[in-house]
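Visitor: I'm new to this, so could you walk me through the model?
Guide: Sure, let's take a look together.

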Amino acid sequence: MKLVAAESLETGDLELVRGIYEDGFPPHLRASFSSLLADRAYVLVDDAPIGFAVLRPLASTGWVFLRYFVAGSRGRGVGSMLWTHLTGAMGEAGFTRMVHDVEDPAESGVDAEEVVVRNRRISFYERNGALLLPVESYLPPHGDDEEPHSLRLMAVDLNRAPTPPIVGDDLRALVEAVYEHRYGLSPADPVVRRTVVSSGLA
Ligand SMILES: CC(C)(COP(=O)(O)OP(=O)(O)OC[C@H]1O[C@@H](n2cnc3c(N)ncnc32)[C@H](O)[C@@H]1OP(=O)(O)O)[C@@H](O)C(=O)NCCC(=O)NCCS
């Protein structure tokens, strides 16, 4: 089993990866598959592709943002193996922290079944060493025609386990870096200010 750059795969395997990606995310949460290959896209391969992740460095912070993370099957440890390979590779590449966002189980209007899925997902990342960050009103923009979704931020330290708490100015820098370098919103943007103020980080 190994983690490889998506661009190193042949067309047939890339089509399998596309299938894993499209099965894992509903259309409204997906960017086009071809656009992902412009970011850093990695595939866990065990004979055939079994997992897929897309990352984007957060400029010069030394942190990397995990845009997409998906296992080709559920509940068989593939997600955990992908996580282990990915965090190892990102640490070796010199990043110190990997950050990602997840759908908020407490978002209003979400049905009970979806709340369970969202909580299971968070538990998966926590079990694998990521921390759920104390950030409130984190509402990054999504598609042009959509209301922003309520998300939660998570992060894992790539040099130390367990991940030490991320608080205060460090947390504020993380929030601002994600908004700016992942979503294109400057620290002065009202959406960013709202998150910083609501989280007691102003
Ligand atoms: C979340 C995900 C990567 C976990 O991969 P996995 O191979 O199933 O995980 P593992 O077998 O290593 O660990 C099992 C744990 O994963 C989580 N998990 C498994 N299936 C899940 C599902 N359908 N939805 C949410 N979480 C799930 C649970 O925490 C589960 O533990 P539990 O059975 O005790 O609740 C995988 O379910 C997935 O690809 N989901 C679709 C895409 C997605 O939601 N990506 C994350 C976006 S933030």
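Visitor: Which helix holds Leu-86, and is Leu-86 buried or exposed?
Guide: This is a predicted model, where local features need pLDDT of at least 70, side-chain atom pairs count only at pLDDT 80 or more, and totals for chains, interfaces and linings use all residues. Residues are numbered from 1 along each chain as its sequence is written, and side-chain values use heavy atoms, leaving out hydrogens and water. Leu-86 sits in helix H3 (helices are DSSP runs, H or I, of at least four residues, and strands are E runs of at least two, numbered from the N terminus). Buried means under 20% relative accessible area, with a 1.4 Å probe and protein chains only, and Leu-86 has 0%, so Leu-86 is buried.

Visitor: How far apart in space are Leu-86 and Leu-66, C-alpha to C-alpha?
Guide: Along the sequence, they're 20 residues apart. Leu-86 touches Leu-66, and also Phe-69 and Met-98 among others (contact means heavy atoms within 4.5 Å). From C-alpha to C-alpha, the gap is 9.9 Å.

Visitor: Which element gives the largest share of the largest nonpolar core?
Guide: A nonpolar core is a set of buried Ala, Val, Leu, Ile, Met, Phe, Trp, Tyr and Cys residues joined through side-chain atoms within 4.5 Å. The largest one has 24 residues, and Phe-69 and Met-98 make the most contacts inside it. Strands E2, E3, E4, E5 and E7 and helices H3 and H4 each supply at least two residues. The largest share, five residues, comes from H3.

Conventions. Buried means under 20% relative accessible area, exposed over 50%, partly exposed in between (1.4 Å probe, protein chains only). Lists of a residue's contacts leave out its neighbours within four places in sequence.
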